[in-house]
Amino acid sequence: MNIFVLMKRTFDTEEKITISGGIINEDGAEFIINPYDEYAIEEAIQVRDAHGGEITVISVGNEESEKQVRTALAMGADKAVLINTEDDIENGDQFTTAKILAEYLKDKEVDLILAGNVAIDGGSGQVGPRVAELLNIPYVTTITKLEIDGSNVTVVRDVEGDSEIIETSLPLLVTAQQGLNEPRYPSLPGIMKAKKKPLDELELDDLDLEEEDIEAKTKTIEIYLPPKKEAGKVLEGEIADQVKELVRLLHTEAKVD
Ligand SMILES: Cc1cc2nc3c(=O)[nH]c(=O)nc-3n(C[C@H](O)[C@H](O)[C@H](O)COP(=O)(O)OP(=O)(O)OC[C@H]3O[C@@H](n4cnc5c(N)ncnc54)[C@H](O)[C@@H]3O)c2cc1C
């Protein structure tokens with residue numbers, strides 16, 4: 001089975017994020033594999049181990065993405081492709097990323113593509129479905145269970161806490177939701193082996209893509225942090241007085257009519 005995983009290098013949102021000049025400050029930020037992509041990698045490994053085949057991890061990024069790509073190889077992926085767009089394009093969006101990924105995949109024999117349900121930084125959840133659309137294959141998002149029997153696939157997907165069971169067939173793209181599995185940590189032998197696994201570095205030229213083919217369809221106007229939370233007020237005194245004071249504050253400060 002030919003399995004592909006779409007993997008994004010993201011900054012760690014557990015770390016403090018700062019913004020300067022309208023863009024997120026990358027200096028000092030910690031970079032990680034997008035957590036939902038770890039579920040995708042783990043599921044790919046389990047599918048390969050059960051059904052045979054090969055896993056290729058693909059990432060659109062820059063040369064620093066190699067660290068996260070090597071981690072995916074250390075977890076157990078067989079090979080990787082890093083499409084380095086750093087020198088070719090300045091502004092990209094979800095269309096750009098999906099178009100690049102689909103261009104790479106379009107002449108490959110694809111059985112299963114796994115992506116994360118959402119990137120914890122950009123957070124649009126668009127890239128997986130867009131790639132499937134461009135490849136003209138079915139997709140199921142936010143999956144929590146995947147069963148493959150020949151070319152028949154049964155998927156359970158999370159629908160805001162409820163579950164939906166869907167039957168479909170390969171080739172297929174799925175996006176991973178939390179709960180799909182417990183991603184493994186790379187083992188020491190895994191890390192050693194990963195250094196020798198094939199990692200292809202490509203540029204846009206290698207994909208026969210021109211800048212205008214992948215020009216962003218959207219433009220980010222502004223990025224800003226949520227306003228700082230102000231300290232809460234604790235009312236004191238008799239309950240009846242507190243209620244009166246609360247009603248007054250709701251009118252005057254919270255502007256409730
Ligand atoms: C050349 C280029 C320039 C860019 N310039 C800017 C910029 O100036 N400002 C800005 O804010 N953003 C920029 N971006 C990033 C872009 O806007 C989005 O972050 C990116 O398209 C992913 O969208 P998302 O974060 O909403 O991911 P989602 O759609 O939420 O991600 C869902 C899943 O899609 C897959 N996926 C997402 N991104 C990638 C990837 N890169 N490689 C492999 N798989 C992936 C993963 O499986 C991920 O879990 C640029 C991207 C490119 C390619």
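A polar contact here means a pair of N or O atoms within 3.5 Å. With that in hand, here's a quick tour of this predicted model. We'll start at the ligand, move on to a pocket and an annotated domain, and finish with a couple of backbone oddities.

**Around the ligand**

- A shell of 28 residues surrounds the ligand, and the ones that come nearest are Lys8, Asp37, Thr97, Ser124 and Gly125.
- Leu6 makes a polar contact through its backbone: one of its backbone N or O atoms sits 2.7 Å from an oxygen atom of the ligand.
- Asp93 also uses its backbone, with a polar atom there 3.2 Å from a ligand oxygen.
- Ser124 works through its side chain instead, where an N or O atom lies 2.6 Å from an oxygen atom of the ligand.
- On its own, the ligand would expose 930 Å², and the protein buries 83% of that.
- Looking for the parts of the fold involved? β6 (54-61), α3 (94-105) and β8 (112-116) are the elements that each give two or more residues to the shell around the ligand.
- Sorted by class, that shell has ten nonpolar, 13 polar and five charged residues.

**The second largest pocket**

- This pocket has a volume of about 290 Å³.
- It's lined by 14 residues, and Ile33, Glu38, Thr71, Tyr185 and Pro186 are the closest to its centre.
- Both β5 (31-33) and α2 (66-75) supply at least two residues of the lining.
- The largest share comes from α2, which brings four residues to the lining of this pocket.
- By class, the lining of the second largest pocket splits into seven nonpolar, two polar and five charged residues.

**The annotated domain**

- An unreviewed UniProt entry lists residues 21-211 as "domain: Electron transfer flavoprotein alpha/beta-subunit N-terminal".
- Across residues 21-211, the chain is 29% helix and 31% strand.
- The C-alpha atoms at the two ends of that stretch are 26 Å apart.

**Backbone oddities**

- As background, most peptide bonds are trans, and most residues other than glycine have a negative phi.
- The bond joining Leu170 and Pro171 is a cis peptide bond, with omega at about -5°.
- Pro171 itself is found in the loop between β11 (162-169) and β12 (172-176).
- Thr142 has a positive phi, near 45°, even though this residue isn't a glycine.
- You'll find Thr142 in strand β9, which covers residues 139-149.

Key:
Residues are numbered from 1 along each chain as its sequence is written. This is a predicted model: local features need pLDDT of at least 70, side-chain atom pairs count only at pLDDT 80 or more; totals for chains, interfaces and linings use all residues. Side-chain values use heavy atoms; hydrogens and water are left out. A residue is near a molecule or strand if one of its heavy atoms lies within 4 Å of it. A polar contact is a pair of N or O atoms within 3.5 Å; within protein, one must be able to donate a hydrogen and the other to accept it, and residues adjacent in sequence count only if both atoms are side-chain atoms. Accessible areas come from the Shrake-Rupley method with a 1.4 Å probe; for residues, only the protein chains shown count as cover. Ala, Val, Leu, Ile, Met, Phe, Trp, Tyr, Cys and Pro count as nonpolar, Asp, Glu, Lys and Arg as charged, and the others, Gly among them, as polar. UniProt positions are given in the numbering used here, feature names are shortened, and annotations may be inferred rather than shown by experiment. On a 1 Å grid over the protein atoms alone, a cavity is a set of points where a 1.4 Å probe fits but cannot get out, and a pocket is an open set with protein on both sides within 12 Å along at least five of seven lines; lining residues have an atom within 4 Å of a point. Grid points are joined across faces, edges and corners, and a volume is the space filled by probe spheres set on the points.
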